[in-house]
Amino acid sequence: MQFFQPLFGFDQAGEVSPGTKIALAIGVFDGVHSGHREIIRTVCRMAEARSAVACALTFEPHPKSIVGAPPELLTSPEERRRLLLDAGADITGTIVFDRQTASIEPEDFLLKLINDPRFELAGISVGEHWRFGNRGKGGGKLIADFAKQYGFEFSAVPELEEDGVVISSSVIRKMISDGNISGAARMLGRYPSLEGRVEKGFGVAGKELETPTANLIPEYGILPPDGVYAGIVVLDGKKHPAAINIGVAPTYNVNRRRVEIHLLDWKGDLYGKNLAVELVGFIRKERTFADGNALKKQIFSDIATIRELLGKSDLF
């Protein structure tokens with residue numbers, strides 16, 4: 001008997017027992033934007049109707065990192081899984097995407113899901129333009145044909161639009177890089193974020209400027225244009241307002257792009273911690289000041305503006 005190699009692994013070990021009915025939402029889901037969440041809602045309705053478990057199935061790494069130009073990701077794999085669960089999925093699964101995976105014929109891709117001994121396939125939900133399999137030859141028509149032949153449900157979810165523009169991860173990336181934070185937030189259904197590790201900075205802000213900052217080295221998320229932003233950092237389950245400066249600190253001739261985060265009304269050591277910050281709104285462009293005192297005066301003014309902006313929101 002030939003050994004069956006599953007196409008993917010469940011991220012929640014032990015959650016699925018043999019014979020469990022599974023409805024799969026399949027996609028890359030980077031950012032888990034409003035369009036992605038509609039696919040999840042569809043698979044949840046499908047799962048409920050068929051007494052099945054709703055599973056969001058993603059790819060790691062991003063397929064374009066293997067068969068194209070790798071994009072900057074909106075979210076880390078961990079954050080993506082969390083957002084998919086928050087969107088309603090019961091569990092998540094991950095397909096390890098490599099050259100071998102990329103070469104699977106679309107028919108074989110589907111047969112691996114249908115014949116997986118760990119579960120009974122109850123349904124599949126994807127975006128209407130989603131492509132899969134070798135050279136992207138597979139699409140909704142093939143899945144629909146297999147669904148009819150093998151007795152599972154299939155739904156191709158139409159794309160959503162925001163202000164007349166189709167919602168997509170690539171559009172959101174460009175919006176953020178162009179500085180359209182509010183537009184990206186509407187498409188995402190939440191504020192865009194940056195994730196990374198806090199490393200040692202130059203120590204100027206805390207000593208001379210009296211506003212200690214965490215020097216974030218972003219690993220995920222799209223950097224907007226240089227400037228000062230209002231943001232939110234979650235620490236130990238609590239939201240903290242934050243002032244964020246993105247740029248090269250021209251007053252001090254740093255000449256290296258940095259992300260500096262100052263948590264308002266908070267003291268502590270963040271060095272070495274993994275941190276995520278939400279970008280809520282743009283305050284001003286980065287510029288050069290005559291000296292440290294002039295910069296410090298502007299920073300205090302920025303903080304007052306950020307307090308006012310965040311104080312009017314319902315974020316806390």
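**View 1. Phe 59 and its partner across the sheet.** In this predicted model, Phe 59 sits opposite Ile 95 of strand β4. That pair belongs to a bigger match-up: β3 and β4 (residues 91–96) run in the parallel sense and share 6 bridges. Phe 59 also turns up in the lining of the second largest cavity, which comes back in View 6.

**View 2. Strand β3 and its link to β2.** Now look at the pairing of β3 with strand β2 (residues 20–26): the two run parallel and are joined by 5 bridges. One pair to pick out is Ile 26, which faces Leu 57 in β3. To get from β2 to β3, the chain passes through helix α1 (residues 34–49), and this β-α-β crossover is right-handed. How many of the 8 residues of β3 are buried? It's 6 of them, so the strand is largely enclosed by the rest of the structure.

**View 3. Zooming in on Cys 55.** Cys 55 is part of strand β3, which covers residues 53–60. Is Cys 55 buried or exposed? With a relative accessible area of 0%, it's buried, because anything under 20% counts as buried. Leaving out residues up to four places away in sequence, Cys 55 touches Phe 10, Ile 22, Ala 23, Leu 24, Ala 25, Ile 91, Thr 92 and Gly 93. For a sense of distance, try Leu 310, which is 255 residues away from Cys 55 along the chain. The C-alpha atoms of these two residues are 36 Å apart.

**View 4. The whole sheet, strand by strand.** Step back and you can follow an open sheet of 6 strands in the order β1-β4-β3-β2-β5-β6, with mixed pairing. The edges belong to β1 (9–10) and β6 (153–157); each has a single partner strand, so one side of each has no neighbour in the sheet. Further in, β2 runs parallel to β5 (residues 119–127), and 6 bridges join them. Which residue of β5 is the bridge partner of Leu 24? Look for Ile 124. As a handy rule while you trace strands, side chains in a regular strand alternate between the two faces of the sheet.

**View 5. The largest pocket.** This pocket holds about 1,000 Å³ of space. It's lined by 39 residues, and those closest to its centre are Gly 27, Val 28, His 129, Trp 130 and Arg 131. Several helices pitch in: α1, α2 (64–67), α4 (99–102) and α7 (169–178) each give at least two residues to the lining. Sorted by class, the lining has 18 nonpolar, 14 polar and 7 charged residues.

**View 6. Two cavities.** How many cavities of 30 Å³ or more does a search of the whole structure find? There are 2. The largest cavity has a volume of about 60 Å³, and among the residues around it are Leu 74, Ile 176, Arg 190, Tyr 191 and Gly 221. Its lining splits into 6 nonpolar, 3 polar and 1 charged residues. The second largest cavity has a volume of about 40 Å³. Its lining includes Val 28, Asp 30, Glu 60, His 62 and Arg 80, along with Phe 59 from View 1. Strand β3 and helix α3 (77–86) are the elements that give two or more residues to this lining. By class, that's 5 nonpolar, 2 polar and 3 charged residues around the second largest cavity.

Conventions: Residues numbered from 1 in each chain as written. Predicted model: local features only at pLDDT ≥ 70, side-chain atom pairs only at ≥ 80, totals over all residues. Heavy atoms only, no water. Helix = DSSP H or I, 4+ residues; strand = E, 2+ residues; numbered from the N terminus. Buried < 20%, exposed > 50% of the residue type's maximum accessible area, 1.4 Å probe, protein only. Contact = heavy atoms within 4.5 Å. Pairing = 2+ DSSP bridges. Right-handed = clockwise from strand over helix to strand, strands pointing away. 1 Å grid on protein atoms, 1.4 Å probe; cavity = no way out; pocket = protein on both sides within 12 Å on 5 of 7 lines; lining within 4 Å. Points joined across faces, edges and corners; volume = space filled by probe spheres on them. Nonpolar A, V, L, I, M, F, W, Y, C, P; charged D, E, K, R; others polar.
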